[in-house]
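User: I have a structure to go through and would like short, reasoned answers about it. Please start from the sheet.

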Amino acid sequence: MEGKLVVAMVGLPARGKSTMARKLEKAFTMDGVKVKIFNNGKLRRKLTGPETSLPDFFSPSNPQGMALRERFAMMNLEMARGFLQRKGQVAIIDAANVTCRRREAIERFFPETPVLFLECVNSDGEVLEAILHRKASMEEFAHLSLDVALESFRKRIEHYEAAYEPLCNERNQLIVDSFDGKVIQEKLTDSIPHYERLRDVVVTRYVEHLYLVRHGQSWFNLEDRIGGDPELTPEGWNQAEILAEHFSKERIPLIFTSSLKRAIQTAAPIARRQPNCTIIPLKEFDEINSGLCEEMTYEEIKDRYPEVYEARKRDKYGYIYPQGEGYVSMEERVERGLKKVFYLSDPEDSILIVGHRAVNRMILSHFFYRKKEEVPYIYMPQDGYYHIKVTPNLKLFELKRF
Ligand code: F6P
């Protein structure tokens with residue numbers, strides 16, 4: 001079948017396969033390419049009851065479970081073949097496909113269509129733990145308590161780990177670190193239609209709507225004091241309520257904040273107005289640590305540490321506060337925070353981040369290039385927010401008032 005392609009996902013559970021599949025679907029759809037995802041898990045959930053969510057169903061020593069999974073896999077392959085025989089151009093098989101046997105079967109099933117195995121890997125323990133919590137709160141586990149759901153999902157992963165065999169002789173392979181957004185390995189034997197686009201998409205972060213908000217007024221803001229962990233003032237709470245009203249018509253499943261009170265407090269009323277919204281505090285989004293100068297006003301710093309004040313004025317990006325941080329030394333953690341945001345959310349989700357003046361400047365400059373020396377001066381008001389949109393064909397940022 002000329003010009004047609006099968007992309008078969010590979011990877012242990014919670015490695016970002018479905019997110020990757022949906023990103024590809026979105027990009028190809030925008031290009032006018034007829035693409036469809038065939039997800040084994042979805043088919044299983046549609047055709048069976050909650051018993052197939054139990055870990056034993058996935059055990060390699062459960063012959064009935066194995067047979068049923070094999071049947072769903074074959075059904076999906078048949079549907080994918082039907083799709084390609086009609087007008088379909090790219091069929092994405094979204095399943096773990098962790099054994100050589102299964103992958104050989106897929107290649108055999110499509111003798112005339114190139115099959116690209118796209119493996120998602122990620123071995124960052126902290127991030128895997130966070131995604132497990134997300135998954136355990138999903139619909140499939142709604143009938144279980146969080147602890148039982150977590151345990152159940154961990155066991156399921158163990159079963160997959162026991163069966164896992166790395167890619168070996170498959171003709172076409174692309175291995176991606178889905179947390180870092182990096183290609184780790186690629187091997188192409190056949191000519192793969194749409195490969196350039198596909199390779200670009202798998203390492204690009206897309207977000208439909210990202211709202212970058214600064215926390216509401218804190219007691220330290222009133223006095224122009226920096227850092228610390230103050231709470232919101234009544235005015236700050238009021239701003240949070242206005243934000244909550246402002247975003248109430250939009251579905252926001254995840255709010256990421258720093259680990260500091262003023263950010264979490266700003267997020268709370270917004271989350272309350274949403275049907276099912278989780279606040280995820282990340283230390284990576286904490287405000288710049290001003291070390292010796294924490295909790296001081298800029299005037300006090302000028303009086304007590306004039307050398308600090310002057311040096312920072314000369315090179316605000318590169319200057320690192322004694323015993324603290326500078327913009328330059330925040331780069332790495334902010335980057336890691338954003339990777340977590342992308343890993344934990346779906347590309348079609350609207351996401352909200354509640355951060356702080358300096359950290360929000362770093363986040364914004366991640367999406368839109370600014371000269372480093374300009375970053376510490378990006379305008380970051382408390383009565384406005386940035387709306388960021390990055391799709392396969394569009395990058396946009398807009399300052400909005402509320
Ligand atoms: O004043 C609020 C604040 O978020 C402080 O906590 C922080 O030190 C400062 O802004 C960062 O802004 P700048 O880098 O312009 O000093």
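Analyst: Two strands pair if DSSP finds at least two bridges between them. This is a predicted model, and everything below refers to it.

User: In what order do the strands of the open sheet run?

Analyst: The open sheet has 6 strands, and the pairing among them is mixed. From one strand to the next the twist averages 20°. The order is E2-E3-E1-E4-E5-E6.

User: Which strands stand at the edges of the sheet?

Analyst: An edge strand here has a single partner strand, so one side of it is left without a neighbour in the sheet. Two strands fit this, namely E2 and E6 (182-187).

User: In which sense do E4 and E5 pair, parallel or antiparallel?

Analyst: E4 covers residues 115-121 and E5 covers residues 173-177, with 5 bridges between them. Phe117 has Gln173 of E5 as its bridge partner, and Leu118 stands opposite Leu174 in E5. The sense of the E4 and E5 pairing is parallel.

User: In which sense do E5 and E6 pair, parallel or antiparallel?

Analyst: There are 5 bridges between E5 and E6. Asp177 stands opposite Lys182 in E6. The sense of the E5 and E6 pairing is antiparallel.

User: In the hairpin of E5 and E6, which residue takes a positive phi?

Analyst: The hairpin has 4 residues between the strands. A positive phi near 65° is taken there by Gly181.

User: How many residues of E5 are buried?

Analyst: Buried means under 20% relative accessible area. On one side of E5, Gln173, Ile175 and Asp177 are buried, and on the other Leu174 and Val176 are buried, so both faces are covered. E5 is therefore largely enclosed by the rest of the structure, and its buried residues number 5 of the 5.

User: Why are the buried residues of H2 on the same side of the helix?

Analyst: H2 spans residues 40-47, and its buried residues are Asn40, Gly41, Leu43 and Arg44. They share one side of H2 because of the arc they cover around the axis, which is only 160°.

User: Which residues are exposed on the other side of H2?

Analyst: An α-helix has 3.6 residues a turn, so residues three or four places apart point the same way. Exposed means over 50% relative accessible area. On the side of H2 away from the buried residues, the exposed ones are Lys42 and Lys46.

User: What angle does the direction of H2 make with that of E2?

Analyst: The buried residues of H2 pack against several elements, among them E2 (35-39), E3 (90-94) and H6 (146-163). H2 packs on the sheet, where E2 and E3 are the strands touched. The angle between the directions of H2 and E2 is about 60°.

User: Which residue caps the N-terminal end of H2?

Analyst: A side-chain oxygen of the capping residue lies 2.9 Å from the backbone nitrogen of Gly41. The cap is Asn39.

User: At what angle to E4 does H4 run?

Analyst: H4 lies across two strands, E1 (5-10) and E4. Relative to E4, H4 runs at about 150°.

User: With which side chains does the side chain of Glu208 make a polar contact?

Analyst: Glu208 lies in strand E7 (residues 207-214). Its relative accessibility is 15%, so Glu208 counts as buried. Residues touched by Glu208 include Pro347, Glu348 and Thr391. The side chain of Glu208 makes polar contacts at 2.3 Å with that of Lys26 and at 2.8 Å with that of Lys389.

User: Is Asp224 buried, partly exposed or exposed?

Analyst: Asp224 is in the loop between H8 (219-223) and H9 (234-247). Its phi is positive, about 65°, although Asp224 is not a glycine. With a relative accessible area of 44%, Asp224 is partly exposed.

User: Is Gln323 buried or exposed?

Analyst: Gln323 sits in the loop between H12 (306-314) and H13 (327-344). Its phi is positive at about 60°, although Gln323 is not a glycine. The relative accessibility of Gln323 is 70%, which means that it counts as exposed.

User: How many residues surround the ligand?

Analyst: The closest residues are Glu287, Tyr298, Arg312, Lys316 and Tyr327. A polar side-chain atom of Tyr298 lies 2.6 Å from a ligand oxygen atom. A side-chain N or O atom of Lys316 is 2.6 Å from an oxygen atom of the ligand, and for Tyr327 the corresponding distance is 2.7 Å. The number of residues surrounding the ligand is 13.

Key: Residues numbered from 1 in each chain as written. Predicted model: local features only at pLDDT ≥ 70, side-chain atom pairs only at ≥ 80, totals over all residues. Heavy atoms only, no water. Buried < 20%, exposed > 50% of the residue type's maximum accessible area, 1.4 Å probe, protein only. Arc of directions from axis to C-beta. Contact = heavy atoms within 4.5 Å. Polar contact = N/O pair within 3.5 Å; in protein donor to acceptor, adjacent residues only side chain to side chain. Axes fitted to C-alpha atoms, helices over the stretch in contact; angles between N-to-C directions. Near = heavy atom within 4 Å.
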